[in-house]
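Hi everyone, thanks for coming. I have one structure for you today, so let me put it on the screen and we can walk through it together.

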Amino acid sequence: MPSAVTDTLFNSGSLLMPVQTTGNTLETIHQWGDSLPVSIMVVAATILAICNVKNFLMIIPSLYESFIRAKGSANLETRITLIRARTITALVLIVPFCMVADRFTLLDIDYIQAMNPFMRLGATIGVFFVFFLLRIVIGWQIEPKFKGRDAWGIGRRSAHGFFIIMTVLELLAVAGLSLAGVEDHSIRSVLYHIIALIYIVAVFRRMQILRVSCNSLTIILYLCTLEIIPTGLLLASIHFL
């Protein structure tokens, strides 16, 4: 009997111990770093980010000004070089943002978490692509209703800057907390708080920009259609799917 128990507990020299999981977090970690396609994407995203350092450093002062006051976004729009650098940087950071979301299960959707690491990352990118596409389509539909086209354009494009701020803060948080040995579920909570904070500030700044040339009813229309509907659908998919 002791021999049978020993054979059961030890398998190929490894001690089999009960593992406690917390939701889908450990399932997401499972084999994530061992997937060759994911590793290739990580390397490619890192190379692109390194190549884009010059653009990022160029827009840091403008991003900070946009974060602390609404006028910062308007000032940035006066320089074509900064607009181009901001757009390129935002595009470069899309994949790193989705990688962080996938690695720490920010999209806790059962059928996505059941996929292999590469397919799961692709699905995560797809969900956020649909989210941003929905915002763009809704924006096209309600833009003619805005009298202040310039303010609307500045407010819409300011989202690129806040996305950059959010992604960089997430990457810094992940790096620092991981080196400190913080558990993944705690890092996940920090990431949620970062996203919520930056999103709230971004919406508030865009409302300040629109207030310059739009009435209160128009701002409420913007808030309901371009913010509440897409974000509500995304949150509903996370909680109910």
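Let me begin with a question: is H7 mostly covered or mostly open? Mostly covered, as it turns out, since seven of its ten residues are buried. The buried ones are Pro96, Phe97, Cys98, Met99, Val100, Ala101 and Asp102. Right after H7 comes Thr105, which has a positive phi of about 55°.

Before I go on, please keep in mind that this is a predicted model.

Now for the overall layout. The protein has twelve helices and two strands. Going along the sequence, the order is α-β-β-α-α-α-α-α-α-α-α-α-α-α. The protein has 241 residues, and 40% of them count as buried. As for contacts between residues at least 6 apart in sequence, 74% connect residues at least 24 apart.

On to the pockets, which I suspect this group will enjoy. The largest pocket has a volume of about 1400 Å³. It is lined by 41 residues, and those closest to its centre are Phe131, Phe132, Arg135, Phe163 and Met166. Which elements supply at least two residues each to that lining? They are helix H6 (80-92), helix H7 (94-103), helix H9 (117-142), H10, helix H11 (184-211) and helix H12 (216-240). H9 contributes the most, with ten residues. By residue type, the lining of the largest pocket splits into 30 nonpolar, five polar and six charged.

The second largest pocket holds about 350 Å³ of space. Here 14 residues form the lining, and Val42, Pro96, Met99, Val100 and Leu171 are the closest to the centre. You have already met Pro96, Met99 and Val100 among the buried residues of H7. Two or more lining residues come from each of helix H3 (36-51), H7 and H10. The largest share is from H3, with five residues. The lining of the second largest pocket comprises twelve nonpolar residues, one polar and one charged. So please note that H7 and H10 turn up in the list for the largest pocket and again in the list for the second largest pocket.

Let me stay with H10 for a moment and pick out a single residue, Ser158. This serine is found in H10, which covers residues 149-179. Why is Ser158 classed as buried? Because its relative accessibility is 3%, and buried means under 20%. What does its side chain reach? The backbone oxygen of Gly155, at 2.6 Å. Setting aside neighbours within four places in sequence, Ser158 is in contact with Ser73, Arg86 and Arg206.

Last topic: cysteines. How many disulfides does a search of the whole structure find? Zero. Two of the cysteines make a nice contrast in how they are placed. Cys51 is exposed, because its relative accessible area is 64% and the cut-off for exposed is over 50%. Cys98 is buried, with a relative accessible area of 2%, and you may recall Cys98 from the buried part of H7.

To bring it back to where we started: H7 is mostly covered, and this helix gives residues to the lining of the largest pocket as well as to that of the second largest pocket. Thanks for listening, and I am happy to rotate the view for anyone who would like another look.

Conventions
Residues are numbered from 1 along each chain as its sequence is written. This is a predicted model: local features need pLDDT of at least 70, side-chain atom pairs count only at pLDDT 80 or more; totals for chains, interfaces and linings use all residues. Side-chain values use heavy atoms; hydrogens and water are left out. Helices (H or I, at least four residues) and strands (E, at least two) are DSSP runs, numbered from the N terminus. Buried means under 20% relative accessible area, exposed over 50%, partly exposed in between (1.4 Å probe, protein chains only). A polar contact is a pair of N or O atoms within 3.5 Å; within protein, one must be able to donate a hydrogen and the other to accept it, and residues adjacent in sequence count only if both atoms are side-chain atoms. Contact means heavy atoms within 4.5 Å. On a 1 Å grid over the protein atoms alone, a cavity is a set of points where a 1.4 Å probe fits but cannot get out, and a pocket is an open set with protein on both sides within 12 Å along at least five of seven lines; lining residues have an atom within 4 Å of a point. Grid points are joined across faces, edges and corners, and a volume is the space filled by probe spheres set on the points. Ala, Val, Leu, Ile, Met, Phe, Trp, Tyr, Cys and Pro count as nonpolar, Asp, Glu, Lys and Arg as charged, and the others, Gly among them, as polar. A disulfide is a pair of cysteine sulfur atoms within 2.5 Å.
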